[in-house]
Amino acid sequence: MVKTGNQIVGVWPLAGFDKILHYRVPEHLAGKIPAGALVKVPVGHRFTLAVVYRVDVKADVPESRLKSIVEAIYPMPVLTPDMVNLINWMVSYYGCKRESIIEAMIPSAVRLGKSALMEKTLSVAKKLKKEELAQLEKRAPAQYKVYQFLLQERNPLKKGVVIGQLKTSAAVIKSLVEKGIIAEEAERAERVAYDDEFSKGEHVSSQAITLNEEQRSAVESVNKSLDEAAFVVHLLQGVTGSGKTEVYLNALQKALDMGGSVIFLVPEVALTPQTVGRLRSKLLEQGTNKVVVWHSLLSDGERLDGWLALARGEARVVVGARSAIFAPLQNVKLIIVDEEHEPAYKQDEQPRYHGRDVAVYRAMLNKAVCLLGSATPSLESHLNVTNGKYLVNHLTKRVDDRKLPLIHVVDMRREIMKRRGLLTISDFLAEKIRERHEKREQIILFINRRGYSKSMICQECGYVAECRHCSVAMTYHRTDDCLHCHMCGAEKKAPYHCPECKSDAIRRRGIGTQKVEEVVQQIVPSARIVRMDADAMRKKNLFREILGDFRTGKIDILVGTQMLAKGLDFPNVTLVGLVDADISLHTPDFRANERTFQLMVQVAGRSGRGDLSGEVVVQTFTPHAMPIQFGRQADVVGFSEEEMSIRREFRYPPYRHLVQHLIRGPNPDKVSFLAEQWAKKVTAAIAEQSLDVELRGPVPCAIEKIKDSYRFQIWYFTNQVTRLVALLSELQKDFIWSDDVTHVLDVDPSNVG
Ligand code: ADP
Ligand code: ZN
Ligand code: ZN
């Protein structure tokens, strides 16, 4: 007979199907299964792990038919209550799979129910009396041996060591533990991520800083919100070098003093070692607070350790890239998002979410303060300020009245005419490089990452070397004299003759980091130049070493992709060159203007941050383009107004949300046919439910083919995202996609086209 009246819980199984299941809590676990607990449950004839999302629910089947939870896997909840709500929201807003979010939130070691990475240790818990000891020796000699062995040790011994040396078994130890004679504890290997290397070697000034007037008033405004313990979003709009980080640190201190915890998001940890360094030294001054650094290069063990430190409340600050927004902190009072405009906050694979927007939502769930900062705020945040949803605090001046750098725009059309040919560095920029180098000042040169395409083209017939599997031009790499596809990694030997017309007039076109390095070395032969691009990024230490060498003056000139434009603070840099400002402008993305403007201002922000005043040279073939004109003046207000009027006209984001539906497969006709059918079905349903959704497409994507897969897209513009997502998943149920056609939704995509 099954007893009724047990507690019933709802769980999310981690078994590859998105369903909710109900279980009964058996007697021996009564009261021990909180929401967020990881448990083992029977499903069919098997067992699976599952996360409890709610306790005391009403089951959808008669109670007598419910199965029981088998065991609790982890000694504490693996999700905090706010994260359970966050998951529900993400599923309804982003339409992503619940399990993919859970995977992003909980380290794999925990999800698999393993605490294998933690060493168990053993020690004597209870000293046995003489007669007890005699009893044990007689009845359980194996246990007696273990007890005696541990008694001689002053420190806990590793379980593995005990078993190995005494040739005893885990069962023997288990009975001793159950009797309370010895204690088994989990000792973590000392590998804790908060002693992260990223910030080591980064010089961090320990001088106390007196906030200037603007900084003080920003801090006061944020602190006031913290005191009120209400959900408020602040946008800290401060020019480059205006001391935004100091404002973050003051607010952070306040939140910690109030007993809360803090999440600090940066676009990319490896690129912001200085921010991490300043944060750590600030917290170390207090001596008490540890900070967990969270990034993609952590090992499983490091990730587990960091996660545990946060879950247990041993650390109350996490700093990291977008996924740090899922850190298991309790009592979150402040969430900081530095460089909130950065596309890097958007995840382009499952679960597709925007780290900044999730940050705002998590702050809301916690009645916490969300502090967004940028010199060039996204237009989304701009509109939220205009609508009164966000409070704004301005920092209009660089610290110590340092000047913003002078920006020169070089018209490359004229340069090309002068030289009658392709050109990497204009005479003007070359002269500036020579000048600054002679004074032993430092230089950074940027090449737009997307512009890193040195393709090969035939001057006779116009043939362009394209990848066989992707509809993109291949990139020439000098290092191996090969053409590489940056989409799929394919490579082939660079041709000497055109494969189409056999002409030998096949030439390389466009410039890349390698070429710039080569040309600049000719301009200043004595300069020590280092190139820093995606290849250097793959090794975490190499990147740090380069930045370290640059800081200590061992390197004169850095040549890098635009990832370098983020947040670096080198006082001796007085010249920054943007070698090719155009490529981001000519992408088929409605944010092309915004990206170009932001790039220009951010790049300029790296110059003249110390006592020496700085200069910036921007090379472009379209000097009159709107973002370049505003960028030249670093005129954020002017740019935003102009660009907003364009967006308003087309009702593009931020006026409406964009949901992109990507449909792809190996057979283009099939993909296109199914996409058409789907679009018809959706159009009809939208009309029927009178949803405010505008559907466009299907059309082929700008890159029509990647890895032999043909890509079509449908765009939905709407301000009813959740309703649309619900409708689409409802329609999915009786629409038959083909096996070789996949489709994926991307809500608020950051790269479109
Ligand atoms: P931002 O993030 O706005 O570009 P940072 O926060 O990196 O600017 O600050 C730039 C530099 O100015 C840093 O080296 C920082 O230590 C320094 N700084 C910040 N605030 C002050 C201040 N009130 N007085 C003096 N120096 C400051
Ligand atoms: Zn040819
Ligand atoms: Zn390819």
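**Contacts, pairs and odd backbone angles**

Biologist: What makes the approach of glycine 241 to ligand 1 a polar contact?

Modeller: An oxygen atom of ligand 1 lies 2.7 Å from a polar backbone atom of glycine 241. A polar contact is a pair of N or O atoms within 3.5 Å, so the 2.7 Å pair counts as one. Serine 242 also offers a polar backbone atom, 3.2 Å from an oxygen atom of ligand 1, and for glycine 243 a backbone N or O atom is 3.1 Å from such an oxygen. With the protein in place, 81% of the 560 Å² of accessible area that ligand 1 has on its own is covered; those areas come from the Shrake-Rupley method with a 1.4 Å probe.

Biologist: What are these values taken from?

Modeller: This is a predicted model, in which local features need pLDDT of at least 70 and side-chain atom pairs count only at pLDDT 80 or more, while totals for chains, interfaces and linings use all residues. Side-chain values use heavy atoms, without hydrogens and water, residues are numbered from 1 along each chain as its sequence is written, and chains are lettered from A and ligands numbered from 1 in the order in which they are written.

Biologist: Which residues come nearest to ligand 1?

Modeller: Thr210, Gln215, Gly241, Lys244 and Asp569 come nearest, out of 18 residues around ligand 1. To be near, a residue must have a heavy atom within 4 Å. Helix 9 (residues 244-257) gives the largest share of this shell, 3 residues; a helix here is a DSSP run of H or I with at least four residues, and a strand a run of E with at least two. By class the shell holds 4 nonpolar, 8 polar and 6 charged residues, and Gly counts as polar in this scheme.

Biologist: Why is the pair of tryptophan 89 and tyrosine 93 called stacked?

Modeller: The whole structure has 16 aromatic pairs. In this pair the ring centres are 5.2 Å apart and the planes at 20 degrees. Rings pair if their centres lie within 6.5 Å, and planes under 30 degrees apart count as stacked, over 60 as edge-to-face and the rest as tilted; therefore tryptophan 89 and tyrosine 93 are stacked. The two residues are 4 apart in helix 1 (residues 81-94), which means a separation of about one helical turn.

Biologist: How do you know that strand 28 and strand 29 pair?

Modeller: There are 8 bridges between strand 28 (residues 693-706) and strand 29 (residues 709-718), which run antiparallel. Pairing needs at least two bridges found by DSSP, so the 8 bridges suffice. Leucine 695 stands opposite tyrosine 716 of strand 29. The hairpin has 2 residues between the strands, and lysine 707 takes a positive phi near 50 degrees there.

Biologist: What makes lysine 367 unusual in its phi?

Modeller: Lysine 367 has a positive phi of about 50 degrees although it is not a glycine. Most residues other than glycine have a negative phi, and most peptide bonds are trans. Lysine 367 sits in the loop between helix 12 and strand 14 (369-374).

Biologist: Which peptide bond to proline 351 or proline 654 is cis or trans?

Modeller: Both are cis: the bond from glutamine 350 to proline 351 has omega near -15 degrees, and the bond from proline 653 to proline 654 has omega near 10 degrees. Proline 351 is in the loop between strand 13 (332-337) and helix 12 (355-365), and proline 654 in the loop between helix 21 (636-650) and strand 27 (657-665).

Note on methods:
Polar contact = N/O pair within 3.5 Å; in protein donor to acceptor, adjacent residues only side chain to side chain. Phe/Tyr/Trp six-rings, centres within 6.5 Å; stacked < 30°, edge-to-face > 60°.
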